[in-house]
Amino acid sequence: MTTTADAPPSQSFHRSKLTADDVQRRLRYIVEKDRLVLDDLPRRFLETFAAILTHSNYRQVVDNYARITARCANCAPSCQIYQHTHAPHDVPCYRSNLLLEVYRRHFTMRGLITTRLLGQEYLTEDRVLEMASTFYDCTACRRCTLDCPLGLDHGLITHLGRYVLSELGLVPRALVISVREQLEGATHNTSAIPLPAILDTIEFLGEEIRDEKHREVQFPVDQPKRDFVFFPAVSDYLMEAETLMGIALTMHVAGDQDRWTIGSQYFDGINYGLFYSDWILERVLQAELDEARRLEATNILIGECGHASRSAKAFAKTFGGADAPPVVHIIEYTYRAYKEGRIRFRPGAITERVTYHDPCNIARTGWVVDQPRELLRAFCSDYVEMTPHGADNLCCGGGGGTVSVDELRPYRTGVTGARKAEQLRATGAKYIVAPCANCKKQLRELCEDHGLDMQVVGLHDLIYRALDLE
Ligand code: SF4
Ligand code: SF4
């Protein structure tokens with residue numbers, strides 16, 4: 001599983017002291033008067049943590065992890081951050097242990113007795129600030145989970161730590177602004193695109209397809225009782241025209257033109273709640289479910305976006321009830337149309353070398369791994385794999401919402417994405433296929449910052465070029 005021969009680090013984890021200004025500068029939190037409010041930070045952290053443990057099912061998991069974690073550092077070599085820095089504080093277990101130790105010291109009988117005997121509280125302002133900084137070092141890719149003999153999910157602990165911090169206002173500005181627009185703004189989407197602009201865009205895309213492919217392809221809007229209501233990452237309407245054109249053309253050629261629709265009341269698949277707040281996760285998902293129910297759609301169809309797919313797939317029934325519509329990933333849809341013979345490709349349509357990047361959110365569990373490869377092999381004459389790939393892939397370096405934080409770019413491309421850049425270079429590919437809006441942004445920045453002459457595209461961008469229209 002692990003690809004480096006790095007020895008696990010020593011157990012004497014250490015990190016130099018962070019100041020509030022360091023943390024503020026790094027993540028630009030949304031706080032009163034744009035300054036980090038330090039008053040009573042440990043007490044507020046503990047109260048929030050206690051409330052979340054009481055009103056959720058995290059307690060069992062945290063309690064279990066706090067008891068079993070062995071600090072064996074088996075997880076270290078599997079983390080692309082540790083692979084690059086070899087710093088003890090980048091060992092996954094070190095980071096998770098920051099929160100688990102708070103639990104042990106403040107929420108278990110033994111911890112409470114120790115605290116009383118020593119006469120001092122464990123959680124200090126410094127410790128809260130370290131968590132605030134380091135939980136956004138992790139990309140929540142969950143690769144380290146594959147190598148932990150005890151099955152600890154550090155992505156989950158990172159999420160929980162961020163959840164507690166977000167309730168104190170400690171959350172990157174970029175995420176908060178996007179979510180605020182999505183849930184409370186006039187446009188109801190993270191990119192603040194007004195509906196008329198979306199409608200203009202899809203009309204334009206339809207014209208482009210007509211000019212290029214000589215097909216009358218529609219992007220249906222507000223059609224009731226369809227099989228699929230479609231939620232891409234809304235940024236695709238601005239940034240990924242070919243991905244959307246490829247999806248619409250696939251639907252058309254497969255004979256499903258009248259089986260899908262976009263909703264006008266809500267059309268954004270992005271759900272940053274997956275990265276930092278269950279409360280936000282639920283509210284965004286409700287908006288999707290409400291739109292699906294308004295249109296009486298049978299399925300929720302998510303576009304090329306990893307976290308949008310996982311947040312909907314994993315939590316639609318949790319928050320929407322047993323009758324929530326099933327969630328289908330667009331690659332699942334296209335793969336099925338291909339296997340049923342409803343679409344065909346021109347073999348060898350893409351002659352340049354192509355490689356495929358697995359977005360962690362759809363690949364780590366094995367959900368979407370083989371399907372895109374079979375599709376690509378059907379029309380690429382020079383397809384190569386990265387090493388490792390599939391469920392064992394390396395994160396692009398921008399996971400867990402970090403790609404949305406521009407201040408983190410030097411860290412994302414210089415540290416978290418450094419191993420990915422090496423992997424990409426080794427393929428010698430011209431096209432990197434990355435079916436995820438976040439991965440695409442990160443990989444493009446990675447190519448720029450590492451001088452890689454490669455083009456990042458979506459899977460349906462190439463499908464658009466390769467579909468057999470005869
Ligand atoms: S998380 Fe698992 S692999 Fe890592 S140190 Fe702890 S017990 Fe070992
Ligand atoms: S989730 Fe990914 S980035 Fe975070 S510690 Fe594990 S391997 Fe490293």
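These are my notebook entries on a predicted model of one protein chain with its ligands.

**Entry 1. Confidence and overall form**

I looked first at how far the model can be relied upon. The mean pLDDT of the protein chain is 92, and 94% of its residues reach 70 or more. Residues 1–14 stand apart in my notes, since pLDDT stays under 50 over that stretch. The model has 29 contacts beyond four places in sequence for residues 1–14. Where pLDDT is low, predicted coordinates should not be read in detail. I therefore leave those contacts uninterpreted, as pLDDT is under 50 there.

I then recorded the overall form. The protein chain has 23 helices and 8 strands. Its C-alpha atoms fill a box of roughly 80 × 50 × 40 Å along the principal axes. The radius of gyration is 23 Å, which agrees with the value near 23 Å for a compact globule of 470 residues. Of the 470 residues, 47% count as buried. Among contacts with a separation of 6 or more, 80% are between residues 24 or more positions apart.

**Entry 2. Domains**

I looked up the domain assignment, which gives domain 1 (20–171), domain 2 (188–338) and domain 3 (344–466). The centres of domain 1 and domain 3, taken over C-alpha atoms, are separated by 30 Å. In the contact between the two, 17 residues of domain 1 meet 17 residues of domain 3. On the domain 1 side, α1 (20–27), α4 (80–85) and α8 each supply at least two residues. Helix α4 gives the largest share, with 5 residues. By class, I noted 7 nonpolar, 6 polar and 4 charged residues on this side of domain 1.

**Entry 3. Ligands**

I listed the residues around ligand 1. The cysteines in its shell are Cys-72, Cys-75, Cys-93 and Cys-148. The shell also includes Thr-69, Ala-70, Arg-71, Ala-73, Asn-74, Pro-92, Leu-150 and Leu-152. By class, this shell has 9 nonpolar, 2 polar and 1 charged residues.

For ligand 2, I found 14 surrounding residues, of which the closest are Cys-79, Pro-92, Cys-138, Cys-141 and Cys-144. The elements that give two or more residues to this shell are α8 (143–147) and α9 (154–167). The shell around ligand 2 divides into 8 nonpolar, 4 polar and 2 charged residues. Pro-92 appears in my lists for both ligand 1 and ligand 2.

**Entry 4. Met-245**

I examined Met-245, which is found in helix α13 (residues 241–253). Met-245 counts as buried because it has 23 C-beta neighbours inside 10 Å, where the cut-off is 20 or more. Leaving aside neighbours within four places in sequence, Met-245 is in contact with Leu-205, Glu-208, Ile-209 and Tyr-464. Ile-209 is 36 residues from Met-245 in sequence, yet the C-alpha atoms of the two are 6.9 Å apart.

**Entry 5. Backbone particulars**

I noted a cis peptide bond between Thr-387 and Pro-388, with omega about -5°. Pro-388 lies in the loop between β6 (383–384) and α20 (409–416).

Next I recorded residues with positive phi that are not glycine. Ala-192 has phi of about 55° and is found in the loop between α10 (173–184) and α11 (195–213). Ala-192 is partly exposed, with 15 other C-beta atoms within 10 Å. Glu-296 has phi near 55° and is found in the loop between α15 (278–294) and β3 (299–302). Glu-296 is exposed, because 11 other C-beta atoms lie within 10 Å and the limit for this class is 12 or fewer.

Key: Residues are numbered from 1 along each chain as its sequence is written. Chains are lettered from A and ligands numbered from 1 in the order in which they are written. This is a predicted model: local features need pLDDT of at least 70, side-chain atom pairs count only at pLDDT 80 or more; totals for chains, interfaces and linings use all residues. A residue is near a molecule or strand if its C-beta atom, placed from the backbone, lies within 6 Å of it. Ala, Val, Leu, Ile, Met, Phe, Trp, Tyr, Cys and Pro count as nonpolar, Asp, Glu, Lys and Arg as charged, and the others, Gly among them, as polar. Helices (H or I, at least four residues) and strands (E, at least two) are DSSP runs, numbered from the N terminus. Domain bounds come from an automatic or database domain assignment. Two residues are in contact if their C-beta atoms, placed from the backbone, lie within 7 Å. pLDDT is the predictor's confidence in each residue, from 0 to 100. The radius of gyration is taken over C-alpha atoms; the globule rule is 2.2 Å times the number of residues to the power 0.38.
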